[in-house]
Structure formats: C-alpha cells, structure tokens
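Colleague: Could you take me through one part of this model closely, with the cut-offs spelled out as you go?

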Protein chains: 2
Amino acid sequence: MRSFELEYSGTKLYFGLNVVKNLSKHLNGIERVTVVTGKHSARVSGALKDVEEVLEDLDVEYKVFDKVKPNPTVDIANELSEFVWRESSECLIAIGGGSVIDTAKFSSCIALSGGDARDYLRGKSVKRLLPLIVVNLTHGTGSEIDRFAVLTDGREKIGVSIRYPDVSFDDPKYTLSLPRDQSIYTTIDAFFHAYEAVTAKTTNPFVETLSFECARLIGENLKDENLKGKFNLLYASMIAGISLDISPAHIVHAIEHALSGINPKLAHGCGLALIGARSIYWIHKNSENSSKILSFLTGRKVKSAEDAERSFTEFLDSIGFEGSLEDYIGRDDFRDVEGIVFGTLSYLLRRVKFEFKREMLYDILERSL
Amino acid sequence: MRSFELEYSGTKLYFGLNVVKNLSKHLNGIERVTVVTGKHSARVSGALKDVEEVLEDLDVEYKVFDKVKPNPTVDIANELSEFVWRESSECLIAIGGGSVIDTAKFSSCIALSGGDARDYLRGKSVKRLLPLIVVNLTHGTGSEIDRFAVLTDGREKIGVSIRYPDVSFDDPKYTLSLPRDQSIYTTIDAFFHAYEAVTAKTTNPFVETLSFECARLIGENLKDENLKGKFNLLYASMIAGISLDISPAHIVHAIEHALSGINPKLAHGCGLALIGARSIYWIHKNSENSSKILSFLTGRKVKSAEDAERSFTEFLDSIGFEGSLEDYIGRDDFRDVEGIVFGTLSYLLRRVKFEFKREMLYDILERSL
C-alpha cells in the first residue's frame with residue numbers, strides 16, 4: 001500500500017496512509033481557514049482531528065462549519081458562502097464525501113465572486129475563487145479530483161463543471177469507519193462513473209484504461225472491508241473520478257439525480273444501484289464497452305443486454321446490496337422524474353450515441369420498483 | 001481512434017489524428033518562434049508542414065533549426081540556446097522524437113536562464129524558461145509528457161529532471177513514416193519506461209495501471225504497422241511517459257545510457273533491446289511486478305527469472321528484432337561502462353530495492369554480446 005502523489009489538471013493529489021501530514025505544505029501565508037464538514041464522518045473517521053492538529057501546529061485560526069447534509073441544497077451552499085465571507089477565510093478545507101466537497105466547491109467560488117448558488121447552477125461564470133483543500137472520506141465521489149459539483153434546488157438536483165480542488169488527500173484509513181451500506185453505495189457511485197464514462201460518446205483510450213481498472217478493483221475488493229481492500233476501493237474511485245472528469249456521466253446519473261432530488265432520503269449511490277441493472281440493459285445495446293467493463297467487474301464474459309442486466313444484479317446480490325426503489329419513489333412520481341430527466345437534465349442524455357427515449361425511462365423505473 | 005485531451009502535471013496534451021490544428025490556440029501574442037527538428041523525420045512525417053501552415057496562417061515569424069541528431073550533445077543544446085536567444089524567439093516548437101524534444105527542453109531554459117548545458121546536466125537550477133510546444137514523432141520517448149531530458153557530454157550521457165512541455169501533440173499518423181527498425185527501437189524504449197517504473201522502489205498503483213496497459217498494448221500492436229496499431233503504440237508510449245515521470249527508470253536505462261554515450265551510433269531503444277533480456281533476469285529476482293508486466297507483454301505466464309529472460313528474448317524474436325551488442329561495444333569498453341554506471345549514473349541504481357552489483361553488470365554485458 002504505497003503512498004503517491006499525482007498532479008492531474010488543477011489538482012495536486014496525495015494518496016495513501018497518513019498523507020494529511022502534507023497539508024502543512026499548502027498553508028503558507030494562510031491565517032484563517034473555514035473547515036467544512038458534515039455532522040459525523042469527519043469526526044468519526046479521525047480526519048477532522050488530524051486536520052486540526054496541523055492547523056494548530058501552524059497557528060492557523062479556523063472555524064468549523066459542520067452543517068452539510070447528504071444531497072446538499074443551494075441554501076446550505078449560500079449559508080456556507082456567507083459564513084466564509086464574514087469570517088474572511090482565506091481557504092476552505094472540505095472534509096467529507098461528495099456532499100461536503102461539492103458544497104465547498106460552490107462556496108469557495110461564491111465567497112469571492114458573490115451571488116447565489118442558484119445562479120451558478122444555471123450557468124453564471126466564476127470570476128474568482130478561494131483556495132480549496134479536500135480531505136475525501138468516501139470511495140465513491142471522485143469529486144476530490146474532478147471539476148464537478150452537484151446541488152439540489154427544490155426538487156431539482158443539478159451538476160455543473162465548477163472547479164478543481166487545489167489540493168486533495170485520499171487516505172483509506174478514513175473510509176474504515178463508513179457503515180457497510182454507505183461503503184456499498186459509494187462504491188456503486190464510483191462504478192457508474194467508470195461505466196458511464198466508457199459508454200459515453202466522449203470515451204477514449206485513457207478513460208478506458210482507468211475505468212476498466214476501476215471496475216476490476218471494485219469486483220475484487222468490495223467484499224473485503226480491511227485496510228488493503230479500502231486502499232484499492234479508494235484508488236478505484238479516484239481513477240474513476242479522472243475518467244468522469246474527461247468523459248462525464250449520462251443516463252444513470254441523470255435518472256438518479258431526478259430520484260434523489262425528489263426524495264433526498266435516497267442516497268445517491270443507493271439510487272444508482274436500484275436503477276442500475278435496467279439502465280445497463282438499455283445502454284448495453286448501444287455500447288461495445290459495456291460488456292468489457294462488466295466483464296472486468298464480474299470476472300465473467302457478458303454477452304447480451306439481458307446478460308448484462310443479470311450480471312449487475314448478481315453482483316449487487318454478491319455484495320449484499322438490499323433495497324427497492326419503491327421504498328423511496330412511487331409510480332405517482334414517475335411524471336416528475338420524466339419532467340426533470342427530459343427537462344433540466346436533458347443535456348446529459350445527449351452524451352450517448354443513441355436516442356434515449358421516454359419509454360426507456362419508464363421501463364427502467366417500472367422494473368426497478 | 002478517438003482524439004482526446006489530457007492535462008497532466010505541467011503539460012496540456014492533445015492526442016489523436018490531426019490534433020496539431022489546435023496549435024493555433026496556444027500562440028496568442030507570440031510573434032517569433034524557433035522550430036527545432038532533426039534532418040529528416042519532421043519533413044518526411046508531414047509534421048513540419050502542418051506546423052508551418054498554422055504559423056503562416058497566424059503570421060508568426062519562425063526559423064527552423066534542423067541540426068539535432070540522435071544522442072544529442074551539450075554542444076548542440078548550447079548552439080540551439082544561442083540561436084533562440086539571438087533570434088529573440090518567444091517560444092520553441094520541437095518536432096521530433098526524444099532527441100529533438102530533450103534538446104529543446106534544455107534550450108528553452110538556457111535561452112532565458114543563461115549558461116552552459118553542462119551546468120544544467122550537473123544540477124544548476126532553472127530560473128526562467130520559454131514556452132515549449134512539442135510535436136512528438138515517435139512512440140517511445142515519453143518526453144512529450146514527462147519532465148526529463150537527456151544529453152551527452154563527451155562519453156557521458158546524463159538525464160535530468162528539467163521541465164514539462166507546456167503543450168504536446170501526439171498524432172499517430174506522423175509515426176507511420178518511421179522505418180521498421182526505429183519503430184521497434186522506440187517501442188522497446190516505451191516498454192522499458194513501463195518495466196522500470198513498476199520495478200522501481202517508487203512504483204504505485206497508478207504507475208502499475210498505466211504500465212501494465214502499456215505492456216499489453218505493445219504486445220498486441222507491435223506486429224501491425226497500420227494506423228490503428230500506431231495509435232495504440234503511441235498511446236502506450238504516452239502512458240508509459242506518465243509512469244516514468246512518477247517512477248523513474250533505473251538499471252536498464254543506466255546501462256544503456258553508458259553504452260550509447262560511449263558509442264553514439266547505438267540507438268537508445270536498440271541498446272535497451274540488446275541488454276534488456278539479461279537485465280530483466282536480475283531485476284526479476286527482486287520484483288513481484290516483473291512477472292506481471294511480462295505477462296501483459298507476452299500474453300503468457302512468466303515464472304522464474306530464467307523464464308522472464310527467455311520471454312523477453314522470444315518477444316524480440318517475434319517482432320523481428322535483430323542486432324548484437326558486439327556491433328557497437330567490445331569487451332575493451334566494459335571498464336568504461338562500469339565507471340559510468342557506478343559513477344555519474346550510480347544514483348539511478350538506488351531506485352531499486354536490491355543492491356545492483358558490479359558482477360551483475362558484467363554478467364549483463366557479457367551475455368548480451
């Protein structure tokens with residue numbers, strides 16, 4: 001389990017055990033910091049304590065903003081932005097999974113560029129931004145190395161390309177405290193970053209190298225919850241983050257964003273798992289890479305679209321995933337899902353080589369109940 | 001064969017057919033350029049013509065410096081530096097393989113920082129540097145995406161970490177005009193970048209992901225000289241360049257640099273091929289990754305060190321490599337090779353986990369004759 005560093009696009013990434021000790025190198029001249037977290041994982045994982053020790057050693061003043069929840073809203077991003085601005089923070093340190101990182105991405109821009117998160121979700125350009133340092137706590141998001149961030153506005157959950165973190169830390173020990181269901185959900189998120197990247201129009205050899213390796217590692221490591229397994233899952237998630245950055249997600253993420261926008265109690269990765277098998281059925285018919293990446297995930301040949309769907313269901317069974325879409329969404333919501341997927345999120349559908357039709361969406365929703 | 005872009009460390013890379021059309025985006029405000037080439041390949045490949053068309057369209061003044069030869073010397077780097085300085089060039093465009101790119105890397109620094117290439121080879125730090133754009137013409141160097149450059153000073157050939165190109169172009173069509181022997185030599189160079197990266201102390205999962213894929217692609221594509229095969233070989237070489245950048249080369253490159261320093265008629269990749277099998281024998285005994293990467297290259301299980309050596313020899317036979325070390329180097333030179341490898345280049349030997357001994361070097365040289 002060798003630590004390493006990587007410079008990709010705007011981000012300097014430190015990967016491995018105890019890499020947060022390198023944080024001090026990136027705080028030269030910084031006097032005031034806002035640390036952004038959720039309620040629990042930053043503390044339970046030990047990451048907050050490690051960051052606080054570095055900040056205290058350097059006599060950096062900091063305040064902790066710990067109000068970010070899963071499926072974060074524009075309101076919380078606005079609240080954080082104002083907090084950062086009032087505190088005259090010179091840097092944000094986000095400690096958490098995708099929800100925390102994404103909220104901090106928005107607020108690092110809004111605190112200096114002004115305005116409302118809603119506007120940035122709808123295309124307002126970023127003029128200035130504060131330094132953003134990320135300590136990633138899940139093996140799912142990829143947000144520690146990509147330029148995307150997602151927020152919910154009302155019933156709409158929207159992702160935009162907003163900024164890269166300046167510095168990110170991926171330490172597998174912090175993911176040991178993830179509950180088993182969260183471990184499964186976030187890994188499924190990483191898998192769909194890889195799966196959608198290679199089945200998008202924008203796939204290329206580099207995306208395929210990284211995505212196939214991601215799928216292979218998930219297939220081999222999701223059963224183990226030891227540190228070595230976590231190292232591999234976190235690495236798989238990170239390289240899927242690069243894939244996603246180059247070749248962004250499409251149909252499965254579009255539908256899931258609609259679902260967890262409508263019901264914020266649905267965890268993103270759980271939503272992806274629930275609709276994943278039947279979404280794969282439709283994507284598989286139109287992409288050569290679908291069978292390749294599923295073979296890497298499952299270790300067996302995958303032939304037809306039916307077989308692709310079955311292989312993913314078997315995979316979910318093998319890792320003990322449980323859940324049903326009807327726990328979160330009913331048939332009454334389908335029209336809303338359709339409205340969002342073919343409305344605000346329709347640009348995501350244009351990222352595949354085939355026409356994604358409304359009846360395909362209904363088929364996916366119906367069969368996932 | 002999909003084109004793509006990638007930002008890695010300091011370099012923006014464009015990969016794919018006709019990507020040089022993007023050159024114009026990177027010449028804003030530039031009025032005077034020095035184009036650096038060798039005698040033949042920039043012209044024969046069509047790359048020089050493509051670059052000249054862009055420069056002429058933009059009314060950029062340019063001069064072509066076409067004196068770089070294989071195994072370039074400090075003298076040619078100094079001559080180019082003075083040329084660039086006298087011409088007040090604001091940017092260098094290097095069109096060639098490793099020799100041209102590496103010479104341009106040095107001169108882009110010396111033209112603004114002053115001094116002699118000899119000093120930079122021995123640790124003088126770079127204070128200022130001119131923009132450097134690279135059009136890579138071989139599927140071997142990796143220099144289009146890494147920070148290294150190699151020059152020869154007398155009988156010593158030395159590599160240093162000097163700079164990343166700002167922008168690089170990898171277009172497989174330019175490599176179609178490589179003679180078959182050059183095609184083999186440069187591919188062997190790429191393979192040893194990958195092989196040495198994963199068998200160095202500094203290997204890590206990212207290096208392994210890229211290096212194993214490089215080896216697999218070389219194994220599958222070196223027999224084909226069509227455009228698709230060239231695309232894959234160039235991609236393999238590029239990702240090996242990233243591997244090398246993160247986890248640099250060691251024993252095989254050290255010995256080869258000594259050999260082609262002593263006899264500049266020995267092409268770098270040819271030298272690597274000639275000593276490769278027996279070098280692999282020694283490295284294999286001390287690295288788990290050796291059998292993995294050789295299995296990716298050859299498509300068969302590789303077990304013992306003897307089997308590893310044999311597998312590489314078989315691979316060279318299968319691609320039609322021919323040559324013998326004694327065509328370039330005699331036993332009289334062995335003491336000089338030892339002096340260089342265990343002298344100037346001894347820092348390279350510390351990049352492996354085992355002690356590389358003088359008797360191992362003599363064994364490699366003797367068995368490679």
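Modeller: What follows is a close look at the interface between the two domains of chain A.

The model is predicted, so local features need pLDDT of at least 70 and side-chain atom pairs count only at pLDDT 80 or more, while totals for chains, interfaces and linings use all residues. Residues are numbered from 1 along each chain as its sequence is written, chains are lettered from A and ligands numbered from 1 in the order in which they are written, and side-chain values use heavy atoms, with hydrogens and water left out.

Chain A is divided into domain 1 (4-175) and domain 2 (180-368), with bounds that come from an automatic or database domain assignment, and the C-alpha centres of these domains are 25 Å apart. On each side of the interface, 34 residues are in contact with the other domain, contact meaning heavy atoms within 4.5 Å. The buried area is about 2,700 Å², with 61% from carbon and sulfur atoms; this is the accessible area (1.4 Å probe) that two parts lose on being put together, summed over both. Of the area that domain 1 of chain A buries here, A:His139, A:Arg155 and A:Lys157 supply 29%, more than any other three residues.

A:Arg155 also pairs with A:Asp333 in a salt bridge (3.9 Å, N to O), which requires a side-chain nitrogen of Lys or Arg within 4 Å of a carboxyl oxygen of Asp or Glu. Across the interface of the two domains there are four salt bridges.
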